[in-house]
Amino acid sequence: MLINKGYSEGDIIVFKLANGDECVAKFLDENSDGYTVTKPCTVIPGAKGIALVQSLFTGKLDTRIRIKHEHVIMHSPVVAEIEKYYIETTSGIALATGAI
């Protein structure tokens, strides 16, 4: 069994929430109550793969958001492809691939 030793500020992580949603966000910190993140996006499965959609449609994307421990079933760092897609989605900047 793998147990995560914790995250560093700025890590891109995924939460599986009690309602079944997966939420990808930039980690800021954690305390005994929960996680503080920014730029949360909900994972939406589709016919051509997955999409990331802003979790709070009318909220400011850079707001510090609290996710309480009681609402999190599990969490993990995201795979490299999702981290790249998340950065592109939340910043509008397309990242380079391959050798330069």
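Which residues make up the largest nonpolar core? Load the predicted model and select Tyr7, Ile13, Phe15, Leu17, Cys23, Ala25, Phe27, Tyr35, Val37, Ile65, Ile67 and Val72. That is the full set, twelve residues in all. Now colour by strand. β1 (12–17), β2 (22–30), β3 (34–46) and β5 (65–68) each supply at least two residues of this core. In soluble globular proteins, nonpolar side chains tend to be buried together.

**Second core**

Next, select Ile12, Val14, Val24 and Val78. They are among the nine residues of another core, which lies apart from the largest one.

**Phe15**

Go back to the largest core and centre on Phe15, one of its members. Show its contacts, leaving out residues up to four places away in sequence. Phe15 then touches Asp21, Glu22, Cys23, Tyr35, Val37, Ile67, Val72, Met74 and His75. Of these, Cys23, Tyr35, Val37, Ile67 and Val72 also belong to the largest nonpolar core.

**Aromatic pairs**

Now look at the rings. The whole structure holds two aromatic pairs. Pick Tyr7 and Phe27, which form a tilted pair. Their centres are 5.5 Å apart, with 55° between the planes. The pair links distant parts of the chain. Tyr7 sits in the segment before β1, and Phe27 in strand β2, 20 residues apart.

Are these two rings' residues buried or exposed? Tyr7 has 14% relative accessibility, so Tyr7 counts as buried. Phe27 counts as buried because its relative accessibility is 4%. The cut-off for buried is under 20%.

**Largest pocket**

Turn to the open space. The largest pocket holds about 210 Å³. Select its lining: Leu17, Asn19, Asp21, Cys23, Pro40, Thr42, Ser55, Leu56, Ile65, Arg66, Ile67 and Lys68. β3 and β5 are the elements that give two or more residues to this lining. β5 gives the most, with four residues. Colour by class to see six nonpolar, three polar and three charged residues. Leu17, Cys23, Ile65 and Ile67 line this pocket and are also members of the largest nonpolar core.

**Cavity**

Last stop: the enclosed space. How many cavities of 30 Å³ or more are there? The count comes to one. The largest cavity has about 30 Å³ of space. Select Pro40, Gln54, Leu56, Gly59, Lys60, Leu61, Thr63 and Ile65 to show its lining. By class, this lining has four nonpolar, three polar and one charged residues. Keep Pro40, Leu56 and Ile65 highlighted: they line both the largest cavity and the largest pocket.

Notes. Residues numbered from 1 in each chain as written. Predicted model: local features only at pLDDT ≥ 70, side-chain atom pairs only at ≥ 80, totals over all residues. Heavy atoms only, no water. 1 Å grid on protein atoms, 1.4 Å probe; cavity = no way out; pocket = protein on both sides within 12 Å on 5 of 7 lines; lining within 4 Å. Points joined across faces, edges and corners; volume = space filled by probe spheres on them. Nonpolar A, V, L, I, M, F, W, Y, C, P; charged D, E, K, R; others polar. Core = buried A, V, L, I, M, F, W, Y, C linked by side-chain atoms within 4.5 Å. Buried < 20%, exposed > 50% of the residue type's maximum accessible area, 1.4 Å probe, protein only. Contact = heavy atoms within 4.5 Å. Phe/Tyr/Trp six-rings, centres within 6.5 Å; stacked < 30°, edge-to-face > 60°.
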